Amino acid sequence: MLPQQAQPGDFSLQVLRTDVAGMPLEWIDYRDAVRLYHTDQVAYACGSLLYRVRGGYNAVTGRRSMVDVNSIIATVGRSSAGPKLRDRYVPPLNNKTLFKRDASLCLYCGGHFLSRDLTRDHVRPVSQGGSDKWRNVVSACRRCNNHKGGRTPEQAGMELIAVPFTPTYAEYIYLKGRRVLADQMEFLLAHISRSSPLRSRLVITLNEGVGQHREIHD
Ligand SMILES: [Zn+2]
């Protein structure tokens, strides 16, 4: 199916897929979304209209199929991971998501950096038995990382400006989002605990008056 018309337009916007109970599952593109509509797997849609995709002509009626794709779609069936599994879920660690968790800040000097200028620092160095896990890694600029070397922050006389944490399932989905729309962010926020360090950031971003289709970068 070739989309001929999209309203309001940008085909790179991602759709948030949830299970039928509204638990966020993953980001999908409009093609996946259209496929889900065509195979009757969409239970209901929320959020706003992202795409109006025109498909082929029906051989019998001669009418053209049309699919409206919303920013959030709930699909039939529950996720394979039950709530208990989800609670214990540990997302895979990668630099892209790590830097996003830390808001592109160096957690030592507090400076804001481009991804290419950030590094993954092991708070307790691997050489001292530190693990390569979310709670032991932070974003650090090259300068701070070099200065710290193979030492712990205490040994190096440095201080972290935030405590590293393991993102929950919903937090991880948020962090993985390329361009999270306001309604998607609001939806995810309902699944992010009040004590989450990410929550205040999301609330601030939302309160900055993002429009329905405005992109949110942080
Ligand atoms: Zn730094």
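How many bridges join strand 3 to strand 4, and do these strands run parallel or antiparallel? I looked this up first and found ten bridges between strand 3 and strand 4 (residues 64-75), which run antiparallel.

Some notes on the ground rules. I am working with a predicted model, where local features need pLDDT of at least 70, side-chain atom pairs count only at pLDDT 80 or more, and totals for chains, interfaces and linings use all residues. I number residues from 1 along each chain as its sequence is written. My helices (H or I, at least four residues) and strands (E, at least two) are DSSP runs, numbered from the N terminus. I call two strands paired if DSSP finds at least two bridges between them.

Next, the sheet. I see four strands in an open sheet with the order 2-1-4-3 and mixed pairing. Strand 2 (24-28) and strand 3 (42-57) are the edge strands, each pairing on one side only. Neighbouring strands of this sheet are turned by 40 degrees against each other on average, direction ignored; axes here are lines fitted to C-alpha atoms, for helices over the stretch in contact, and angles run from 0 to 180 degrees between N-to-C directions.

I then checked one pair and found Tyr51 opposite Val69 in strand 4. Helix 1 (residues 30-38) packs on the sheet and touches strand 1 (15-18), strand 2, strand 3 and strand 4. I count a contact if two C-beta atoms, placed from the backbone, lie within 7 Å. The direction of helix 1 makes about 105 degrees with that of strand 4.

Last, the protein chain: I noted eight helices and six strands.
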